[in-house]
Amino acid sequence: MIDISLQQDQFEVVPTLVQPTLVEVLKMRAKAQMAGLQSSKSLPQVHTLPIADMLAARLASFDPESEDAEAENAFYVADLGEVYRQHLRWKTLLPRIEPFFAMKCNPDPMVMRLLASLGAGFDCASKNEIQSVLDLGVDPSRIIYANPCKQNSFVKYAYNNNVRMMTFDNAEELYKIKRFHPEAQLVLRILTDDSKSLCKLGLKFGAPLDTTASLLATAQGLGLDVIGISFHVGSGCFDANAFGEAVIRARRVFDQAKDYGFDFKFLDVGGGFPSAHVTEGITFEKVASILGSTVDAHFGPEVRVIAEPGRYYVGSAFTLATQVIARRTIQHDADQALDNARNENPSHMYYINDGMYGSFNCIMFDHQVCEPHVLLRDGEFAYQQELMDRRSLASVWGPTCDSIDCITSKASLPLMESGDWLYFENMGAYTITAASQFNGFKKSEILYTTTEQEVTFHF
Ligand SMILES: *Cc1c(COP(=O)(O)O)cnc(C)c1O
């Protein structure tokens, strides 16, 4: 059992003297919470158990007969070891490109601490995001303010806190920056082809290539320092070539910038890198090999190259466990029952205690498909086990009173009862970060573990 505490910009792992089991810790914490003893400031504990044990311990820690409502809530198990492995993988496959974690993807305080201690940079889009990174003791030079359209006061905040790197894609922003942050190191975000991405960011941001000349002329006229180019191929990119083509576009603007007196030495290749659970199709290996070689072919070693991965770091690191809180059996007439035997109509509707307004907002905002697996059924722990039971089609719904709150309309599940549990893997990206508390349902709690012994040395 380890505690992580912040000391003089260092993250230290302090072994606790007693080593209670996770079950005991959770029971103690529940008691402390009830007695109002829990200090909200202390960092959560990081365990060193496999994910299966974390899930099992949590499920074993509450008494279904007790009235402690909180214990039944949905919860996450976050594996910091997975985030660490992703960092190593990045360093191995893209050694030239410095990762700046796009924190909007999952600003989890422990993930942020781990990445800060590993020396990653951060892509921030608002004053609060910048502030939370600075509060970790990260040097302002390790932040890029990567929102091309910024509120005046936020630009002043960046100026007052020595955050210099920031992106822009329109002339009005240049006048704003001239006024509030004349020493900014500006990065021109160009438009690239995002047609092969799930989330098309080009609708909103990015300067078309026929506008870059005039933007550079304006910046030159204002005496602003433009240091290079950025792009974002779109989040959930499913075409590895998109990165290569974008790098070539960036090269064109590098050359163009010379006409306006700029000698660019900075390239930001943005985000859009696949999460670790993508093991076929556009894998990180494929993207890295195309991107790495295109960058090397077009940019000399004098050019500093950074990226803004979000999903890549956290997607696979979070597992969500939810309880089946209610079940409705759909009554079919005899003919339909026959159909049902042929698996065409859902036979049951399951209601679980996290949904579209909570963690599963990724279904709407991030175009994700979330597949439920059985975690606990009739008291039997079933994490990552092949269940032999007969399956049928069912729909799975969140807990709110809105009918949009549907997680899947066609899941293949064995018969479940209220009180059983389902889990969802790869829930780390664009989930908790945009969850609301609509209808009075709290955000799901996070338990931390590390499946990588190394992580303790890096904190
Ligand atoms: C959202 C975002 C990212 C991260 O995108 P991922 O697909 O999660 O890697 C990076 N940069 C910018 C500017 C973004 O808006």
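These are my notebook entries on a predicted model of a protein with a ligand.

**Entry 1: the whole protein**

I began with the overall counts. The protein has 459 residues, and buried residues make up 53% of them. I listed 14 helices and 22 strands. I then looked up the contacts with a separation of 6 or more, and residues 24 or more positions apart account for 72% of these. The accessible surface comes to about 20,800 Å². Carbon and sulfur atoms hold 51% of that surface.

**Entry 2: the ligand**

Which residues are closest to the ligand? I found Lys104, Ser235, Gly272, Glu308 and Tyr430 in that place, out of 15 residues that surround the ligand. By type, the shell divides into five nonpolar, five polar and five charged residues.

I looked up three atom pairs next. An N or O atom in the side chain of Tyr430 is 2.5 Å from an oxygen atom of the ligand. For Gly310 the partner is a polar backbone atom, 2.9 Å from an oxygen atom of the ligand. Asp123 places a polar side-chain atom 3.0 Å from a nitrogen atom of the ligand. I also noted how much of the ligand is covered: on its own it has 390 Å² of accessible area, and the protein covers 93% of this.

**Entry 3: two residues with positive phi**

Most residues other than glycine have a negative phi. I wrote down two residues with a positive value.

Asn162 is not a glycine, yet its phi is about 60°. I located Asn162 in the loop between α6 (152-160) and β8 (165-168). Is Asn162 buried or exposed? Its relative accessible area is 54%, so I recorded Asn162 as exposed, the cut-off being over 50%.

His367 is not a glycine either, and its phi is positive at about 55°. The loop that holds His367 runs between α13 (361-365) and β17 (373-377). His367 has 44% relative accessibility and therefore counts as partly exposed.

**Entry 4: strands β8 and β9**

I followed β8 to its neighbour. β8 and β9 run parallel and are joined by four bridges. Met165 stands opposite Gln185, a residue of β9. Strand β9 covers residues 185-189, and four of its five residues are buried.

**Entry 5: Ser347**

Where does Ser347 sit? I found Ser347 in the loop between α12 (334-341) and β16 (348-352). Its relative accessible area is 8%, so Ser347 is buried. I noted two polar contacts between side chains here. One joins Ser347 to His348 at 3.1 Å. The other joins Ser347 to Ser392 at 3.2 Å.

**Entry 6: Leu216**

My last residue was Leu216, which belongs to helix α8 (residues 212-222). Leu216 has 0% relative accessibility and so counts as buried. Which residues does Leu216 touch, not counting residues up to four places away in sequence? I listed Leu188, Val226, Val253, Gln256, Ala257, Tyr260, Phe262 and Phe264. I also checked Leu174, which is 42 residues from Leu216 along the chain. The C-alpha atoms of Leu174 and Leu216 are separated by 9.9 Å.

Conventions: Residues numbered from 1 in each chain as written. Predicted model: local features only at pLDDT ≥ 70, side-chain atom pairs only at ≥ 80, totals over all residues. Heavy atoms only, no water. Near = heavy atom within 4 Å. Polar contact = N/O pair within 3.5 Å; in protein donor to acceptor, adjacent residues only side chain to side chain. Areas by Shrake-Rupley, 256 points an atom, 1.4 Å probe, with all protein chains shown as cover. Nonpolar A, V, L, I, M, F, W, Y, C, P; charged D, E, K, R; others polar. Buried < 20%, exposed > 50% of the residue type's maximum accessible area, 1.4 Å probe, protein only. Contact = heavy atoms within 4.5 Å. Pairing = 2+ DSSP bridges.
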